[in-house]
Amino acid sequence: MPTRVYSQPVRCLLSSVLPKGRGLVLMLKLYADESVDNDTSLMNVSGYLMTEDQFAALDDAVRIARGDLLYFHMKESHHLKYPDIYQKLVGLIRPETVICGLSVYLYLNDYKTLSAAKSEYTRGQSLAYWFGGAYTYATGAMMALCSGWLDESDLYRDEQVAYIFENNPHQGNADTFWGLLDKPQFADRKQQNHYISHTFVDGKGPLGSVLQVCDILAWNLNKMQREKQKTPELNRLFLTPTFWFHHGPKEISKTLHGALDYWEKFDKKGKPYQPS
């Protein structure tokens, strides 16, 4: 089989997120529903898991499908302004072009209420102080969903994943939090998440083409949650294996409290507490 020639931006990205030259790529798009009050709005993080060759091929295909359009964005109603391009982009997602789709969603008011709680282990601070905002939580839930699927996969069980997120206003806390996985004391969680690296890219920039099909998935999944029915485009996307999970109050509470044992031992920078 001939060696695939990647574009320069894609080659630079893959060499940075897959430093050993192997692994899977999970591109993730944040979608927060702004059609309702922010405190009760729906948030989801959705994306596609793929090999590096699939990533490069999909990047090429999206750019070709867009033609002269610099980027495609659902919130800017590009699906209505450019319906032919929209249908072409939906058609790019097939079982042979990606491994699977993944999505987690939660309601912001659920997280806000539960993360405001304090416990004897949080040293007087709220759970949100230790775990960050809803976006940081959602990215962690996505890692858990992805790694859980990999653990059950015969083909990909031993693979590591480069998590690529879209640039967004909430990324600073998530970047700090997941950067802890490179510290020795968090080696078990790093292995559990099949984590090799994470980075953020501009969804409208030269590395954002694949994120734009993740945007289509996220938008259609949010529409399904609001309206309780699938769009024709989502039905087409679902021809590719797609897994999603709703983190309601029970799941959020369990996740937050289940991780407190880490914060009993380490501060937010991953440094062990000294005995008082």
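**Helix packing and two positive phi values**

Modeller: In this predicted model, H7 passes H8 in a right-handed crossing.

Colleague: Which residues in H7 and H8 meet there?

Modeller: On the H7 side they are Tyr135, Thr136, Thr139, Gly140 and Met143. Those meet Gln171, Asn173, Ala174, Phe177 and Trp178 in H8.

Colleague: And by class, how many are nonpolar, polar and charged?

Modeller: The contact of H7 with H8 has five nonpolar and five polar residues, and no charged ones.

Colleague: What about the angle and the axes for H7 and H8?

Modeller: Helix H7, residues 134–151, packs against helix H8, residues 171–179, at an angle of about 45 degrees. Their axes are 8 Å apart.

Colleague: Why are H7 and H8 called oblique to each other?

Modeller: Angles under 35 degrees count as roughly parallel, and 65 to 115 as roughly perpendicular. The angle here is about 45 degrees, so H7 and H8 are oblique to each other.

Colleague: Switching to H2 and H4. At what angle do their axes cross, and within what distance do they come?

Modeller: The axes of H2 and helix H4, residues 83–91, cross at roughly 165 degrees and come within 9 Å. Over 145 degrees counts as roughly antiparallel, which makes H2 roughly antiparallel to H4.

Colleague: Left-handed or right-handed, when H2 passes H4?

Modeller: H2 passes H4 in a right-handed crossing.

Colleague: Which residues make that contact?

Modeller: H2 contributes Val62, Ala65 and Arg66, and H4 contributes Ile85, Lys88 and Leu89. By class, the contact of H2 with H4 has four nonpolar residues, two charged and no polar.

Colleague: Different topic: backbone. What is phi at serine 77?

Modeller: Phi of serine 77 is near 60 degrees, a positive value in a residue other than glycine. Most residues other than glycine have a negative phi.

Colleague: Where is serine 77?

Modeller: Serine 77 sits in the loop between helix H2, residues 52–66, and helix H3, residues 78–81.

Colleague: How accessible is serine 77?

Modeller: Serine 77 has a relative accessible area of 28%. Partly exposed runs from 20% to 50%, so serine 77 is partly exposed.

Colleague: And histidine 194, what is phi there?

Modeller: Histidine 194 is not a glycine, yet its phi is positive, at about 55 degrees. Histidine 194 lies in the loop between helix H9, residues 187–192, and strand S5, residues 195–201.

Colleague: Is histidine 194 buried or exposed?

Modeller: Histidine 194 is buried, because its relative accessible area is 8% and the cut-off for buried is under 20%.

Technical notes: Residues numbered from 1 in each chain as written. Predicted model: local features only at pLDDT ≥ 70, side-chain atom pairs only at ≥ 80, totals over all residues. Heavy atoms only, no water. Helix = DSSP H or I, 4+ residues; strand = E, 2+ residues; numbered from the N terminus. Buried < 20%, exposed > 50% of the residue type's maximum accessible area, 1.4 Å probe, protein only. Axes fitted to C-alpha atoms, helices over the stretch in contact; angles between N-to-C directions. Left-handed = near helix turned anticlockwise from the far one by under 90°. Contact = heavy atoms within 4.5 Å. Nonpolar A, V, L, I, M, F, W, Y, C, P; charged D, E, K, R; others polar.
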